[in-house]
Amino acid sequence: MPLQAYPFSEYFGWVQDRFGVTWQLALSNIPQRISPAVMFANEKFGQAKQAMTQWLSLFPRSEILLEVPDGENLQQALFTLNDMPFRVMDSPGKHDFGFTMGISFCVDCEDQAEIDYLWENLTQDGKEWDCGWLEDRYGVAWQIEPANWVHLVDTSHPERAQAVTNELYKMKKIDIARLEAVYNQFTEDNGST
């Protein structure tokens with residue numbers, strides 16, 4: 001969509017950068033912010049509201065900011081998940097793209113209970129992948145990971161980082177205790193932190 005006036009914005013454009021990523025740019029009266037926009041098209045058309053409703057139910061500090069219905073579908077909706085802005089929309093047109101694991105939402109979880117809760121709810125009618133990746137029932141990819149992941153694979157100790165990573169490769173849903181056990185065992189065996 002060329003940069004110009006539209007009924008929903010006095011100045012808007014939808015462009016693709018040299019890496020193939022698309023960006024929607026809109027003149028607004030709010031400070032600049034970046035938010036992912038998920039388009040439900042082709043066989044996913046009509047699922048935007050269901051997906052948004054499920055995601056809102058899973059994350060605290062989440063709310064709908066704006067819904068623009070189009071019959072039973074969503075022309076567009078703005079909402080937050082854990083205070084982060086998101087958008088969803090249904091598109092009735094045929095498109096040569098869909099959801100892939102090339103774009104995923106990463107969720108840093110405070111503890112195993114949070115990982116278990118999100119994993120159980122997001123994989124229901126979805127798919128489990130290796131290393132904490134999953135696909136929800138709508139085909140959207142998520143990475144459910146521990147908040148201390150950077151600490152566990154700290155490259156200041158390459159052998160320990162590789163041992164923790166090797167343990168991760170054996171998992172689908174991440175088990176923090178198993179990763180920490182490898183980290184701690186390696187630390188104890190080598191007398192370093």
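**Figure 1. Lys49 and Glu67 pair across helix H1 and strand S5.** Lys49 has a relative accessibility of 38% and so counts as partly exposed. The model shown here and in the other views is predicted. The partner of Lys49 is Glu67, and the two form a salt bridge with their closest N and O atoms 2.6 Å apart. Lys49 belongs to helix H1 (residues 48-58) and Glu67 to strand S5 (residues 63-70), so the salt bridge ties together parts that are 18 residues apart in sequence. Glu67, at 31% relative accessibility, is also partly exposed. A search of the whole structure gives six salt bridges.

**Figure 2. Arg61 and Asp83 form a salt bridge between two loops.** The side chains meet at 2.8 Å, N to O. Arg61 sits in the loop between H1 and S5. Asp83 sits in the loop between strand S6 (73-81) and strand S7 (84-90). The pair links distant parts of the chain, 22 residues apart. Is Arg61 buried or exposed? Arg61 is exposed, with a relative accessible area of 52%.

**Figure 3. Arg178 and Glu167 join helices H5 and H4.** The closest N and O atoms of this salt bridge are 2.9 Å apart. Arg178 lies in helix H5 (residues 176-190) and Glu167 in helix H4 (residues 158-168), so the salt bridge connects parts eleven residues apart in sequence. Arg178 counts as partly exposed, at 34% relative accessibility. Glu167 counts as buried, at 13%. Which residues make up the network around this pair? Salt bridges with shared partners join Glu167, Lys170 and Arg178 into one network.

**Figure 4. Asp136 is buried and has no salt bridge.** Asp136 is found in the loop between strand S10 (133-135) and S11. Arg137 offers the nearest side chain of opposite charge, 7.0 Å away. A salt bridge would need the nitrogen and carboxyl oxygen within 4 Å. What does the side chain of Asp136 reach at 2.9 Å? It reaches the backbone nitrogen of Tyr138. The side chain of Asp136 also makes a polar contact of 3.1 Å with the side chain of Trp55. Beyond its neighbours within four places in sequence, Asp136 is in contact with Trp55, Leu122, Gly126 and Trp142.

**Figure 5. Trp55 is buried in helix H1.** The relative accessibility of Trp55 is 0%, and Trp55 therefore counts as buried. Which residues does Trp55 touch, not counting those up to four places away in sequence? The contacts are Phe40, Phe79, Leu81, Val88, Phe105, Leu122, Asp136, Tyr138, Val140 and Trp142. With one of these, Asp136, Trp55 shares a side-chain polar contact of 3.1 Å. Arg18 and Trp55 are 37 residues apart along the chain, and their C-alpha atoms are separated by 31 Å.

**Figure 6. Strand S8 has a buried face and a face that is not buried.** S8 covers residues 104-109, and the side chains alternate along the strand. Phe105, Val107 and Cys109 point to one face and are buried. Ser104, Cys106 and Asp108 point to the other face and are not. Phe105 is among the residues that Trp55 touches. S8 runs parallel to strand S11 (residues 141-146), and six bridges join the two. Across this pairing, Val107 has Ile144 as its bridge partner.

**Figure 7. Four strands form an open sheet with mixed pairing.** The strand order is S8-S11-S10-S9. S8 and strand S9 (127-128) stand at the edges with a single partner strand each, so one side of each has no neighbour in the sheet. S10 and S11 pair in the antiparallel sense over three bridges. Trp133 stands opposite Gln143 in S11. Helix H2 (residues 112-123) lies across S8, S9, S10 and S11. H2 runs at about 165 degrees to S11.

**Figure 8. The protein chain has five helices and eleven strands.** Its C-alpha trace spans about 65 × 35 × 30 Å along the principal axes. What share of the 193 residues is buried? Buried residues make up 36%. Of the contacts between residues at least 6 apart in sequence, 51% join residues at least 24 apart.

Note on methods:
Residues are numbered from 1 along each chain as its sequence is written. This is a predicted model: local features need pLDDT of at least 70, side-chain atom pairs count only at pLDDT 80 or more; totals for chains, interfaces and linings use all residues. Side-chain values use heavy atoms; hydrogens and water are left out. Buried means under 20% relative accessible area, exposed over 50%, partly exposed in between (1.4 Å probe, protein chains only). Two strands pair if DSSP finds at least two bridges between them. Lys and Arg count as positive and Asp and Glu as negative; His and the chain ends are not counted. A polar contact is a pair of N or O atoms within 3.5 Å; within protein, one must be able to donate a hydrogen and the other to accept it, and residues adjacent in sequence count only if both atoms are side-chain atoms. Contact means heavy atoms within 4.5 Å. Axes are lines fitted to C-alpha atoms, for helices over the stretch in contact, and angles run from 0 to 180 degrees between N-to-C directions.
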